[in-house]
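Welcome! Below are some short exercises, each followed by a worked solution. Keep the sequence and the structure in view as you go.

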Amino acid sequence: MAFSIERFVEDCRAARTRPDWPQAIAELLREAVREPAAIDALTAERGASARKGFDVWVQSDDLTVYQVEGRRGLVSPPHDHACVAVVGIYRGSEGYKTFKVVDGQLTPAGEVTVHAPDVSVLAEDLIHALDNSATEGSGSIHVYGNIHFDLAERRLWHPDTLEEAPFSTSQQFKWTKGARAAAEA
Ligand SMILES: [Fe+2]
């Protein structure tokens, strides 16, 4: 069946009620990432991603789904998600740096590069930063079990000093190298 954004969101809503929702949504994403051309065509029709670099498909208290252009050169500050996240890379590749808090100080813990098609379930306590300085860039779909944007429990760190700062989506975008639309976040 051809990929449909509406159906994907409905399927995610149904999956979210299950205790094993991250695995159920990972399965939906594994099907979705097989159809990169369809995802790109539908996203292009909607236009948001071309303007802002991302396209929110749904946002609610227990489910947020959006598509992102992880452009080449994009480098985000370290952040968490305050929830398990499920990410499907359907086009290209992207890099991540991972971090751990050691004695109260954010500390680099590793690097990973993922290539499409890839679906990853990210642990609730994961801290990472997107780093596409050495990758071609990607198209991806992100699913979170919370409202995601501007959630007070989320955590953010300055990209250079690694000092923790109060989380806001606009601050995250301001500290993202290569981001297009800080004000629209
Ligand atoms: Fe993230």
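**Exercise 1. Find how strand E3 (residues 85-102) pairs with E7, and name the bridge partner of Val86.**

Keep in mind throughout that this is a predicted model.

Step 1. E3 and E7 pair in the antiparallel sense, over 8 bridges.

Step 2. For Val86, the bridge partner in E7 is Val143.

**Exercise 2. Describe the other pairing of E7, the one with strand E2 (residues 63-71), and say how covered E7 is.**

Step 1. E2 and E7 run antiparallel and are joined by 8 bridges.

Step 2. Look at Arg71, which stands opposite Gly137 in E7.

Step 3. Now turn to burial: E7 spans residues 137-144, and 7 of its 8 residues are buried. The strand is therefore mostly covered, given that a residue counts as buried when 20 or more other C-beta atoms lie within 10 Å of its own.

**Exercise 3. Follow E3 to its hairpin with E4, and work out how Thr98 sits in E3.**

Step 1. E3 and E4 pair in the antiparallel sense over 10 bridges. In this pairing, Gly95 has Thr113 in E4 as its bridge partner.

Step 2. The hairpin of E3 and E4 has 2 residues between the strands, and Asp103 takes a positive phi near 50° in this hairpin.

Step 3. Thr98 has its place in E3. Because Thr98 has 15 C-beta neighbours inside 10 Å, it counts as partly exposed.

Step 4. Thr98 and Ala109 are 11 residues apart along the chain, yet their C-alpha atoms are separated by 5.3 Å. Leaving out residues up to four places away in sequence, Thr98 touches Ala109, Gly110, Val112, Leu126, Ile127 and His128.

**Exercise 4. Is Trp157 buried or exposed, and which residues does it touch?**

Step 1. Trp157 belongs to strand E8 (residues 155-157).

Step 2. Trp157 has 22 C-beta neighbours inside 10 Å, so it counts as buried.

Step 3. Not counting residues up to four places away in sequence, Trp157 touches Pro77, Pro78, Leu106, Leu162, Glu163, Glu164 and Ala165.

Step 4. Check a separation too: Trp157 and Gly145 are 12 residues apart along the chain, and 22 Å separates their C-alpha atoms.

**Exercise 5. Describe how helix H1 (residues 5-16) and helix H2 (residues 21-32) pack.**

Step 1. Start with what to look for: two packed helices are described by the angle between their axes and the distance between the axes.

Step 2. The axes of H1 and H2 come within 8 Å and cross at roughly 160°. That angle makes H1 roughly antiparallel to H2, because angles over 145 degrees are counted that way.

Step 3. The contact is made by Phe8, Asp11, Cys12, Ala15 and Arg16 of H1, together with Trp21, Ala24, Ile25, Leu28 and Ala32 of H2.

Step 4. As for handedness, the crossing of H1 and H2 is right-handed.

**Exercise 6. Examine the backbone at Ala82, His148 and Pro117.**

Step 1. A reminder before you look: most residues other than glycine have a negative phi, and most peptide bonds are trans.

Step 2. Ala82 has a positive phi, near 55°. Ala82 is found in the loop between E2 and E3, and it is partly exposed because 19 other C-beta atoms lie within 10 Å.

Step 3. His148 also has a positive phi, near 70°. His148 lies in the loop between E7 and E8, and it counts as buried because it has 22 C-beta neighbours inside 10 Å.

Step 4. The peptide bond from Ala116 to Pro117 is cis, with omega near -5°. Pro117 is in the loop between strand E4 (105-115) and strand E5 (118-122).

**Exercise 7. Step back and describe the whole protein chain.**

Step 1. The secondary structure comes to 5 helices and 9 strands. Read along the sequence, the pattern is α-α-α-α-β-β-β-β-β-β-β-β-β-α.

Step 2. The C-alpha atoms fill a box of roughly 50 × 35 × 30 Å along the principal axes.

Step 3. A compact globule of 185 residues would have a radius of gyration near 16 Å, and the chain has 16 Å, so the two agree.

Step 4. Of the 185 residues, 35% count as buried. Among contacts between residues at least 6 apart in sequence, 72% join residues at least 24 apart.

Note on methods
Residues are numbered from 1 along each chain as its sequence is written. This is a predicted model: local features need pLDDT of at least 70, side-chain atom pairs count only at pLDDT 80 or more; totals for chains, interfaces and linings use all residues. Helices (H or I, at least four residues) and strands (E, at least two) are DSSP runs, numbered from the N terminus. A residue is buried if 20 or more other C-beta atoms lie within 10 Å of its own, exposed if 12 or fewer, and partly exposed in between; C-beta atoms are placed from the backbone. Two residues are in contact if their C-beta atoms, placed from the backbone, lie within 7 Å. Two strands pair if DSSP finds at least two bridges between them. The radius of gyration is taken over C-alpha atoms; the globule rule is 2.2 Å times the number of residues to the power 0.38. Axes are lines fitted to C-alpha atoms, for helices over the stretch in contact, and angles run from 0 to 180 degrees between N-to-C directions. Angles under 35 degrees count as roughly parallel, over 145 as roughly antiparallel, 65 to 115 as roughly perpendicular and the rest as oblique. A crossing is left-handed if the near helix is turned anticlockwise from the far one by less than a right angle, and right-handed if clockwise.
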